[in-house]
Amino acid sequence: MPEKTAQPEEQPDAPGGSGAIERVLIGQHPAIVKLRALIAKVALGDVTVLITGESGVGKEVVARAIHSLSPRRARPFVPVNCAAIPRDLLESEMFGHERGAFTGASGSRQGLFNAASGGTIFLDEIGEMPMDLQAKLLRVLEDGEVRSVGSDRAVKVDVRVIAASNHDLASSVRKGTFREDLFYRLQVVPIVVPPLRERRSDIPILVDHFLGLIAARGGGRQITVSREAMVHLWSYDWPGNVRELENMVERLAILCDDSVIDTPVLPPILISGPRPPVIEIPANLPAAGINLRMIVREIEGRYINQALKQTGGNKQAAAKLLGLKRTTFDDKLRRCGVIAPGGTDDKEEP
Ligand SMILES: Nc1ncnc2c1ncn2[C@@H]1O[C@H](COP(=O)(O)OP(=O)(O)OP(=O)(O)O)[C@@H](O)[C@H]1O
Ligand SMILES: [Mg+2]
């Protein structure tokens with residue numbers, strides 16, 4: 001794609017000036033500070049960027065930040081979720097189609113590449129793109145031209161491409177489900193957004209940020225988090241990353257009393273402490289034998305967690321679901337290392 005030269009006179013002020021990126025990509029962890037510096041650098045050119053990271057880490061935040069700091073910021077940012085669009089529609093969504101190109105194409109239609117003209121297209125979940133379309137995208141990246149479905153004419157487009165994936169595309173290349181040439185063409189600049197559990201020091205900062213947004217929306221009722229509750233938020237592994245934390249803060253802000261989020265309102269999953277390693281449950285007794293006690297504990301733990309999830313943390317209802325008396329349930333809860341609010345964590349020796 002042709003390199004676009006910066007045209008400062010056509011651009012509005014960056015939203016909020018140079019400090020703007022600190023207000024959208026929150027965090028003080030060295031990995032995030034480095035990430036912001038990298039974003040500011042890649043924003044200036046037109047190189048293709050591949051953003052990878054687990055679900056909810058902030059890949060779209062990064063993509064939008066690159067666009068909003070780039071000379072293209074006055075032009076559209078067009079996100080395309082490759083996993084959400086049916087496979088047979090994706091090509092015409094991206095590149096448009098001519099009248100009669102396929103059954104039901106009663107008129108011609110512009111594609112999203114055209115809609116993003118002069119701006120940035122964000123190809124999210126690119127790993128889900130079918131192989132034949134990957135070949136077409138590669139040609140677009142190499143030639144800077146798109147060909148709409150049913151047309152034999154290629155048209156120049158001036159669009160910057162940012163792609164994202166929440167799984168390792170290199171392993172998709174090894175498995176043969178992602179084109180190697182496209183992989184290298186996309187990741188001219190690879191950006192890896194680390195999971196939240198690898199930057200725990202940002203958890204309190206993000207919690208404050210989300211509580212600030214809630215206060216601004218709700219007319220100023222500033223909610224705080226008790227020290228103990230913050231320790232739990234800090235210790236949890238956040239498999240859903242920043243999105244999970246954001247949703248949790250929203251939920252806790254509704255549940256808490258007196259504008260303070262304290263341990264009793266935290267769901268059991270947040271106060272269960274470090275999770276034991278997953279134990280395999282073999283269908284048949286292996287020759288080497290098993291540790292029956294550990295396996296029974298594992299099965300109990302799994303069902304207890306599921307019961308608590310299904311009942312939104314209501315222990316009485318969870319005990320009933322498992323056909324247990326409440327006292328037996330509480331006892332098992334403690335043995336599995338799930339600390340009930342206000343309870344203890346006296347674990348039985350293995
Ligand atoms: N560093 C951050 N500062 C502030 N908000 C953030 C940050 N990272 C993520 N978020 C917020 O978390 C949510 C998830 O972020 P985003 O949609 O960018 O994640 P993602 O990696 O694209 O997720 P997915 O893989 O599920 O598409 C959004 O509401 C976003 O605003
Ligand atoms: Mg996303």
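## Where the ligand sits

Ligand 1 occupies the second largest pocket. A pocket here is an open set of points on a 1 Å grid over the protein atoms alone, with protein on both sides within 12 Å along at least five of seven lines; a molecule sits in one if more than half of its atoms lie within 2 Å of its grid points. This is a predicted model, in which local features need pLDDT of at least 70, side-chain atom pairs count only at pLDDT 80 or more, and totals for chains, interfaces and linings use all residues. Residues are numbered from 1 along each chain as its sequence is written, and side-chain values use heavy atoms, without hydrogens and water.

## The surrounding shell

The shell of ligand 1 holds 17 residues, and I26, G56, K59, R243 and E246 are the closest. A residue is counted when one of its heavy atoms lies within 4 Å. By class, 8 are nonpolar, 4 polar and 5 charged, with Gly counted as polar.

Domain 1 (8–194) and domain 2 (202–266) both contribute to this shell, so ligand 1 lies between them. At least two shell residues come from each of α3 (59–69), α9 (203–217) and α11 (241–255).

## Polar contacts

Polar contacts are pairs of N or O atoms within 3.5 Å. An oxygen atom of ligand 1 is 3.0 Å from an N or O atom in the S55 side chain. A polar backbone atom of E60 is also 3.0 Å from an oxygen atom of ligand 1.

Conventions
Chains are lettered from A and ligands numbered from 1 in the order in which they are written. A polar contact is a pair of N or O atoms within 3.5 Å; within protein, one must be able to donate a hydrogen and the other to accept it, and residues adjacent in sequence count only if both atoms are side-chain atoms. On a 1 Å grid over the protein atoms alone, a cavity is a set of points where a 1.4 Å probe fits but cannot get out, and a pocket is an open set with protein on both sides within 12 Å along at least five of seven lines; lining residues have an atom within 4 Å of a point. Helices (H or I, at least four residues) and strands (E, at least two) are DSSP runs, numbered from the N terminus. Domain bounds come from an automatic or database domain assignment.
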